[in-house]
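Open the structure in your viewer and keep the selection box handy. We will go from stop to stop, picking something and then looking at what is around it.

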Amino acid sequence: MPPKKATEDVKSNVVAFGRVRKNLKMGCVGLPNVGKSSLFNLLTDQNAAAENYPFCTIEPNEARCAVPDARYDFLCDLWKPPSMYPAYLQVTDIAGLIKGASQGEGLGNAFLSHIQAVDGMFHIVRAFDNDEVLHVDDSIDPVRDLSKFSCSPRSEWHILAKTIVSEEAVVRKAGGKFKMNPLFPSTVAKIKAMLEKDQPVRDGSWTSAEIELINEKMQLITTKPTIYLVNLTMKDYLRQKSKYLPLIAKWVTEHGGLPRDIIPFSIEFEEKVYSFKGDKEGLEEWLKENGGGKVRSRLEKIVTEGFTKLGLQYYFTAGEKEIRCWTIPRGCLAPQAAGAIHGDFERGFIKAEVVAYQDFHDLCEGGKSMGPIKAAGKYKQEGRGYEVKDGDIIHFQFNVAPTKK
């Protein structure tokens, strides 16, 4: 006899700015000629145009890159299944924004629509001097560039956003369906107060209900999480020092960011590393000669930080046929996590059989059996209220009654 259907529906407890879905996107943004398309090519192994002139990129390029994870590698090496599927980060390369975009210069309003289509941003900042690489303002000043062309409310992005559907445009809409929500007036007042102080909306103190209202009714650029990628010369990257880094760090922290939101890297260095693709010994020798082997590629960190910044995580399903990462929002409950596999798994959810990855790794004794894990009491059965943890290895049990004809 099939189990009785649960009488109480357990809702997901994920409440955060932005869309609640598994295929969220990070957009590569910044001024023209700062290295956006070159980074996009390296991250995704694509061949998008990356030339030394403004607006080389016009229409956004989209691709995905695998999220590196030693846990996934361990499970694949252990099972060696015919099908292996890692987690992926979706990345979009967006054209550079220039001064005057709010008056229609460059891509104008089209740029804003590209920004609104992504869920978070890799803001690439140029921190190198090179007369052969054009700069739209003819001089290098990362702090000036951040102040004018960031997601700060008073930047060019925000001025552009005012012309259509962003903070200022939305908060002026006090009529229509907005009036139906009693939270709307107070939420608008809080947004206006933050804008007057030049503070991103994402840094305010918001209730769950307010966040849900903003997600549903308002397209706010300054709710999108941002990681600042500082593009250095190879020389500065190898010596891990740049005159621009302290100034950039000061600006970021003064505008709501954290030190971990800043990742120094070097396109020049990464392209050199990429040239050794397939030649691991040659790469190691070159790294020892340049930086003593202590300086490594930052691409993996960029991918993992971007994935984390979007509020994403994943759990594993593991077996003889397949090892797979299933991407879910952080804080996702077991039934919704099961729904990442198939809607029937969520509708007919019975229970989740769960082992934390680290427990499996430490107790499996190099084998595939769950016997040692069960003997140690680490193999657990969880119900509808279980919050799935990053790296859980899960087997779901479900039952869906056949459709009556």
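The tour below starts with the whole chain and then moves to single elements and residues.

**Before you select anything**

This is a predicted model, so local features need pLDDT of at least 70 and side-chain atom pairs count only at pLDDT 80 or more, while totals for chains, interfaces and linings use all residues. Residues are numbered from 1 along each chain as its sequence is written, and side-chain values use heavy atoms, with hydrogens and water left out.

**Stop 1: the whole protein**

Colour by pLDDT, the predictor's confidence in each residue, from 0 to 100. The protein averages a pLDDT of 81, and 76% of the residues score at least 70. Switch to cartoon and you should find 17 helices and 12 strands; these are DSSP runs numbered from the N terminus, with helices being H or I of at least four residues and strands E of at least two. Of the 405 residues, 48% are buried, where buried means under 20% relative accessible area, exposed over 50% and partly exposed in between (1.4 Å probe, protein chains only). A surface view covers about 20,400 Å² of exposed area, 50% of it supplied by carbon and sulfur atoms; the areas come from the Shrake-Rupley method with a 1.4 Å probe, and for residues only the protein chains shown count as cover.

Contact here means heavy atoms within 4.5 Å. Among contacts between residues at least 6 apart in sequence, 72% join residues at least 24 apart.

**Stop 2: two stretches to treat with care**

Select residues 1–10, where pLDDT stays under 50 and the model has 10 contacts beyond four places in sequence. Then select residues 159–167: pLDDT stays under 50 here as well, with 33 contacts beyond four places in sequence. Where pLDDT is low, the predicted coordinates should not be read in detail.

**Stop 3: a helix pair**

Select helix α1 (residues 36–44) and helix α11 (residues 267–274). Their axes come within 11 Å and cross at roughly 35°. Axes are lines fitted to C-alpha atoms, for helices over the stretch in contact, and angles run from 0 to 180 degrees between N-to-C directions. The crossing of α1 past α11 is left-handed, which means that the near helix is turned anticlockwise from the far one by less than a right angle. Show side chains for Ser38, Leu39 and Leu42 of α1, and for Ile267, Glu270, Glu271 and Tyr274 of α11, since these residues make the contact.

**Stop 4: just before α1**

Step back to Asn33, in the loop between β1 (25–29) and α1. Its phi is near 65°, a positive value in a residue other than glycine. Is Asn33 buried or exposed? At 12% relative accessibility, Asn33 counts as buried.

For a second positive phi, go to Glu365, which has about 60° although it is not a glycine. Glu365 sits in the loop between α16 (357–363) and α17 (371–375) and is exposed, with a relative accessible area of 71%. Most residues other than glycine have a negative phi.

**Stop 5: α8 and the loop after it**

Select Glu210 in helix α8 (residues 208–217). Glu210 counts as buried at 7% relative accessibility. Which residues does Glu210 contact, leaving aside its neighbours within four places in sequence? They are Leu183, Thr187, Lys190 and Ser205.

Now pick Pro225, in the loop between α8 and β6 (226–231). Pro225 is buried, with a relative accessible area of 18%. Beyond its neighbours within four places in sequence, Pro225 is in contact with Asp119, Gly120, Met121, Arg202 and Lys309. Draw a C-alpha to C-alpha line from Pro225 to Arg202, 23 residues apart along the chain, and it spans 7.6 Å.

**Stop 6: α13 and what follows**

In helix α13 (residues 299–309), select Leu299, Ile302, Val303, Glu305, Gly306 and Phe307, which are buried. Just after α13, Gly311 takes a positive phi of about 80°.

**Stop 7: two loops between strands**

Lys321 lies in the loop between β8 (312–318) and β9 (322–329) and counts as exposed at 70% relative accessibility. Not counting residues up to four places away in sequence, Lys321 touches Pro81, Pro82 and Ser83. Lys321 and Met84 are 237 residues apart in sequence, yet 8.7 Å apart in space, C-alpha to C-alpha.

Finish at Glu387, in the loop between β11 (380–382) and β12 (393–398). Glu387 is partly exposed, with a relative accessible area of 34%. From Glu387 to Gln336 there are 51 residues in sequence and 9.8 Å in space, C-alpha to C-alpha.
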